[in-house]
Amino acid sequence: MTGPLVPFREIVLKVHSRCDLACDHCYIYEHADQSWRTRPKAISDQAISRTALRLAEHAKKHALPSVTVILHGGEPLLAGPARLRRVCEELTAALAPVTALDLRIHTNGLQLSPRYLDLFDEYGVRVGISLDGDKAANDRHRRFADGRSSHPLVLKAVDLLHQERYRHLDLGLLCTIDVANDPVAVYDALLELAPPRIDFLLPHATWEQPPPRPDGAPTAYAAWILAAFDRWNDQGRPVPVRLFESVLSTLNGGPSLTESLGLAPTDLVVVETDGTLEQVDSLKSAYEGAAATGFDVYRHSFDDVAAHPGVRARQLGLAGVADTCRRCPVVRSCGGGLYTHRYRAGRGFDNPSVYCADLEALVRGVEDRTAAATAAPAVTDPAVLVAEQHELTRVLLAELHSELGGRGGERWAEAWELAGAVEGRSDGLDEVLAHPYTRTWLLDCLDALREGRPGADAPAQGLARYVAAAAVRGRVDVPVRVPHRGGALHLPTLGTLRLDAAGTTEVRATGDGFLVRAAGGAELRVRRLREEAAGWRPVRRGAHGTALDDLDPGRDRFGVPVTGRLTPGEAGEWSGRLDGAWALLRDAAPELAGEAAASLTTLTPLTGTEPAVGRHGYGALGLPLAGDAQALARALVRGFRRAKLRALLDVTDLYALDGAWTHRAPWQEDPVPVSALLAEAYERAGIAVYEQGGADQVEKALDLLDNAAELTVSGKLLVAGVRKEMCRSRDRSVLLSRG
């Protein structure tokens, strides 16, 4: 087994090994492992103390911020209030100096009374109650040994738990699925009790003891769950349902919320009433001794159990599932199913889940029902992407203000106040914050603050420059004091003014230009922002109003060298070739050209031969100064696609990284992670749309991505959009050839 040891954050503590119900679907009493018969009924004082000490030792060694202890059985309330108090006292005393303790109890509720709940209130023990739905559904399995119904007593327990003084202890309801029950009736009965959470659980089964399927349908459990999901979703999701939320989370790149789904490593261990340390309890469904480790709290640490091969096998993520599962597109959501449900005699646990068909149908069913609502709008709407990128820049500015926390001094406070004044009177601040190099400046400042070093551009000085530029752009007549150095004052998006010496100047908007008063009282006036004048070098403009920025001091974050200020002749010649590149792009791929023209706001000349995106905000692109119109058009396509994908990844998850997942790309021998496959396919697709070349390789890559389990709903939507784009391009090519 490889990989680091995963510490236990959740401990199931068996405080009583017997039960007052005779549920015929119980994995402890009715399935393969009957070890409960040899164990003491109640946990001893010594076992409680040793468990508490071992757990505190484990939490301290691994610096765990919290641990969850679930009091379990059998029926844990049969241990009685005095024994449960001893458990709570010992655990609290041992763990309080080390970590936060989350105490829970899972019960059938039959014994629940104020004396228990007062104890639980004292120690913060939250209560989960098992209930399988309405009376008919619940009594199908959950009866007393003499056949009597348990339903009225469970409802009484729920009512008691919902009293105002105990409601904060309510953890929710746990329901084991039986496909013979009506899923909507079961869900409605549970919802009517107003639980804070509902947990639907698949009945424990293996390939040796498959789950009942009354009509023989291979996806009967998926159909049952999806019927309940539809009811829940149509009602506006009135209560958290862990199974549903787990599937939704993994489809969108997040973690699984339950051990029965997803690829997260197990971090749970069981302590039996005799102090024996075991693996997850559900393994008792597989065969006698399946959960055993040979360890106990008297002689062994929790680290010993964490290193046990059986535990490690459930911590391997993708490598721990069967070969069939590794190739399945839904494996990140289903995780190969609960480990127990994979068991088959002769092959152990190296199999798909006995619920495999159900799990695939469930994941695909939830995705089909929710993709349109859960996918990020930025994937399909370029305007939304631009707006979200602008909002991200504003968030970074607010973050910088918060991180400074008064350390910015009077100059920062003054510039911050002026920013508010300018914003209230014009759109100038929005226009300046939308400039992609604003993001660069903010990130540089935040990095400098967090690393405890002086920034490349002090925050107060930088903010003053941006506020001054905003005031000039918005024609807001307010004086803005701007420190400068190096004999030049740069106003972002506008240009650079040569000054005699470093110092602080006052900038004031005047009609189509601005006035600068230097520290010594000298005045310089720029009458027209777009025209060069003595000492004034404006940011030049190209096609579509795009800035051709060879001035901004923050432009050199492309990872490759930028040029200096171009001469008028160089600038005119480069601009002309860029106009030609845009024209070629519009003719060959009008939709792509339109989106690129609307999104790319700032082009900067580079000394190299390749386009670059660098560390800037969305809208900036570095393009080679050399090259004809055809080469520049190709660079525009590649650079724009690269910039857009990075911008999308800033605001949404297109894929989840659950391990060392690799794919063999059509254009190279060595396998690559999905991030690299998607990035290269997206960029190559843009070139294929423009040049009508290399489409076959892109199509093969898209086929791979269609079956890549790491892609989120948003990632799949992006891939589908690329397919449509390429289809439109082929159709356009056919029409042009016929014309």
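Which residues in H7 meet which residues in H8? This is a predicted model, and the contact between these two helices is a handy place to start. From H7 come Ile225, Ala228, Phe229 and Trp232, and from H8 come Leu243, Phe244, Glu245 and Leu248. Sort the residues of this contact by type and you get 7 nonpolar, no polar and 1 charged. As for the geometry, H7 covers residues 220–234 and H8 covers residues 242–251, and they pack at an angle of about 90° with their axes 11 Å apart. That angle makes H7 roughly perpendicular to H8.

**Helix H2 and its two sides**

Now back towards the start of the chain. Helix H2 takes in residues 80–95, and its 16 residues should span 22 Å at 1.5 Å a residue; the end C-alpha atoms are 23 Å apart, so the two agree. Its buried residues are Gly80, Leu84, Val87, Cys88, Glu90, Leu91, Ala94 and Leu95. Why do they count as being on the same side of H2? Because they cover an arc of only 165° around the axis. Flip to the other side of H2 and you find Ala82 and Ala93, which are exposed.

What do the buried residues of H2 pack against? Their partners are strand S1 (10–14), helix H1 (45–61), strand S2 (66–72), strand S3 (100–107) and helix H3 (114–123).

**Helix H1, one of those partners**

H1 has 17 residues and reaches 24 Å from its first C-alpha to its last, close to the 24 Å expected at 1.5 Å a residue. Buried in this helix are Ala47, Ile48, Ser49, Thr51, Ala52, Arg54, Leu55, Ala56, His58 and Ala59. They pack against S1, S2 and H2, and also against strand S7 (268–271) and helix H9 (302–306).

**Some backbone oddities**

Most residues other than glycine have a negative phi, and most peptide bonds are trans. Here are some spots that go the other way. A cis peptide bond joins glycine 73 and glycine 74, with omega at about 20°. Glycine 74 sits in the loop between S2 and H2.

Then there are residues with a positive phi:

| Residue | Phi | Where |
|---|---|---|
| Alanine 63 | about 50° | just after H1 |
| Alanine 194 | near 55° | loop between helix H6 (183–192) and strand S6 (198–201) |
| Threonine 493 | near 75° | loop between strand S11 (488–491) and strand S12 (495–498) |

Is alanine 194 buried or partly exposed? With 47% relative accessibility, alanine 194 counts as partly exposed. Threonine 493 has a relative accessible area of 9%, so this residue is buried.

**A buried arginine**

Last stop: arginine 641, found in helix H21 (residues 629–651). This residue has 3% relative accessibility and therefore counts as buried, the cut-off being under 20%. Which residues does arginine 641 touch, leaving aside those up to four places away in sequence? The list is Leu592, Tyr682, Glu683, Ala685, Gly686, Val722 and Glu725. The C-alpha atom of arginine 641 is also separated by 9.3 Å from that of isoleucine 687, 46 residues apart along the chain.

Terms used. Residues are numbered from 1 along each chain as its sequence is written. This is a predicted model: local features need pLDDT of at least 70, side-chain atom pairs count only at pLDDT 80 or more; totals for chains, interfaces and linings use all residues. Side-chain values use heavy atoms; hydrogens and water are left out. Helices (H or I, at least four residues) and strands (E, at least two) are DSSP runs, numbered from the N terminus. The expected span of a helix is 1.5 Å times one less than its number of residues. Buried means under 20% relative accessible area, exposed over 50%, partly exposed in between (1.4 Å probe, protein chains only). The arc is that of the directions from the helix axis to the C-beta atoms. Contact means heavy atoms within 4.5 Å. Axes are lines fitted to C-alpha atoms, for helices over the stretch in contact, and angles run from 0 to 180 degrees between N-to-C directions. Angles under 35 degrees count as roughly parallel, over 145 as roughly antiparallel, 65 to 115 as roughly perpendicular and the rest as oblique. Ala, Val, Leu, Ile, Met, Phe, Trp, Tyr, Cys and Pro count as nonpolar, Asp, Glu, Lys and Arg as charged, and the others, Gly among them, as polar.
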